[in-house]
Amino acid sequence: MASPEIEALTQALSRLPGFGPRSARRAVLHLLKKRETMLDPLLAALSAVSQKLTTCHVCGNVDTHDPCAICADPRRDDRSLCVVEEVADLWALDRARLFPGRFHVLGGKLSALDGVRPEDLRIDALVRRVGAGGIDEVVLAMNATLEGQTTAHYVSERLESFPVRVTQLAHGLPVGGELDYLDEGTLAQALRARRPVA
């Protein structure tokens, strides 16, 4: 049996997405075997992120700076704004390097079953951002789920009174699919084929 500290580490890792008890144990054994080259740098990186982690007040991204690196990047196109449900969706789109504009993270999706209402999301902050002017297009990059499409419809209605073009990612994304799991080719096609929200 492992010590309580090692068992606690294994339990903590097993709660991460993609890890179960067995894969967590294998990861812990690997970290312990390579303590100086893997465990110590991992602990230092986790500690540094834990101390500096913050949410960007502009877009809702998670970073170690506020505003985040994306919002602080002067090369970004201020006239295009991509609205996503979660930070993972922002990272997936940014990783593909296909969208040159700015982002806005809602922090979830509307869901009557889960009790998530419009006021629980960063929709009012989005409306204020669009209302401040300077944005020509808002791309609704919601997941192709019932809740995602409901959220996109609600957001498009909230933006109707502003002189902006509201588009959404093209259909063809797998129904029930989530942006974080899509490859760059699928994301590229979806961004190229975006269309106005009806």
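Q: Hi! Before we look at D94, what counts as a helix or a strand here?
A: Both are DSSP runs, numbered from the N terminus: a helix is H or I over at least four residues, and a strand is E over at least two.

Q: Great. And what sort of model is this?
A: It's a predicted model, in which local features need pLDDT of at least 70 and side-chain atom pairs count only at pLDDT 80 or more, while totals for chains, interfaces and linings use all residues. Numbering starts from 1 along each chain as its sequence is written, and side-chain values use heavy atoms, with hydrogens and water left out.

Q: So where is D94?
A: D94 belongs to helix α5.

Q: Which residues does D94 touch?
A: Setting aside residues up to four places away in sequence, D94 touches I70, R76 and F103. A contact means heavy atoms within 4.5 Å.

Q: And how far is D94 from A190?
A: Their C-alpha atoms are separated by 14 Å, with the two positions 96 residues apart along the chain.

Q: Let's zoom out. How many helices and strands are there?
A: The protein has eight helices and seven strands. Its C-alpha atoms fill a box of roughly 65 × 35 × 35 Å along the principal axes.

Q: How much of the protein is buried?
A: Of the 198 residues, 39% are buried. The cut-offs are under 20% relative accessible area for buried, over 50% for exposed, and in between for partly exposed, using a 1.4 Å probe and protein chains only.

Q: What about contacts between residues far apart in sequence?
A: Among the contacts with a separation of 6 or more, 56% come from residues 24 or more positions apart.

Q: Where do the charges sit, on average?
A: The mean positions of the 24 positive and 26 negative charges are 5 Å apart. Lys and Arg count as positive and Asp and Glu as negative, without His or the chain ends; each charge is placed at NZ of Lys, CZ of Arg, CG of Asp or CD of Glu.

Q: Now the sheet. What's the strand order?
A: Five strands make an open sheet in the order β4-β3-β5-β6-β7, with mixed pairing. β4 and β7 (195–196) are the edge strands, each pairing on one side only. Two strands pair if DSSP finds at least two bridges between them.

Q: How does β5 connect to β3?
A: β3 (residues 77–84) and β5 (residues 137–141) run parallel and are joined by five bridges. Across that pairing, L81 stands opposite V138 and C82 stands opposite V139.

Q: And how many bridges join β5 to β6?
A: Four, and β6 (residues 165–168) runs parallel to β5. One facing pair there is E137 and R165.

Q: Why is β5 called largely enclosed?
A: Because five of its five residues are buried. E137, V139 and A141 point one way and V138 and L140 the other, and all are buried. In a regular strand the side chains alternate between the two faces of the sheet.

Q: What about R79, over in β3: buried or exposed?
A: In between: R79 is partly exposed, at 47% relative accessible area. Beyond its neighbours within four places in sequence, R79 contacts G134, I135, D136 and E137. The C-alpha atoms of R79 and G131 are separated by 13 Å, and the two are 52 residues apart along the chain.

Q: Changing topic: what does UniProt place at residues 56–71?
A: An unreviewed UniProt entry gives "zinc finger region: C4-type" there. Such positions use the numbering here, feature names are shortened, and annotations may be inferred rather than shown by experiment. In the model, that stretch is 19% helix and 12% strand, with its end C-alpha atoms 8 Å apart.

Q: Where's C68, and what does C68 touch?
A: C68 is in the loop between β2 and α4. Not counting residues up to four places away in sequence, C68 touches C56, C59, N61 and D63. From C68 to C56 is 5.5 Å, C-alpha to C-alpha, for a sequence separation of 12 residues.

Q: Is C68 buried or exposed?
A: Buried, at 1% relative accessibility.

Q: What kind of peptide bond joins D66 and P67?
A: A cis one, with omega about 5°. P67 sits in the loop between β2 (62–63) and α4 (69–72).

Q: Last one: what's the phi of R97?
A: It's near 55°, a positive value in a residue other than glycine. R97 lies in the loop between α5 (87–96) and β4 (101–105), and R97 is exposed, with a relative accessible area of 72%.
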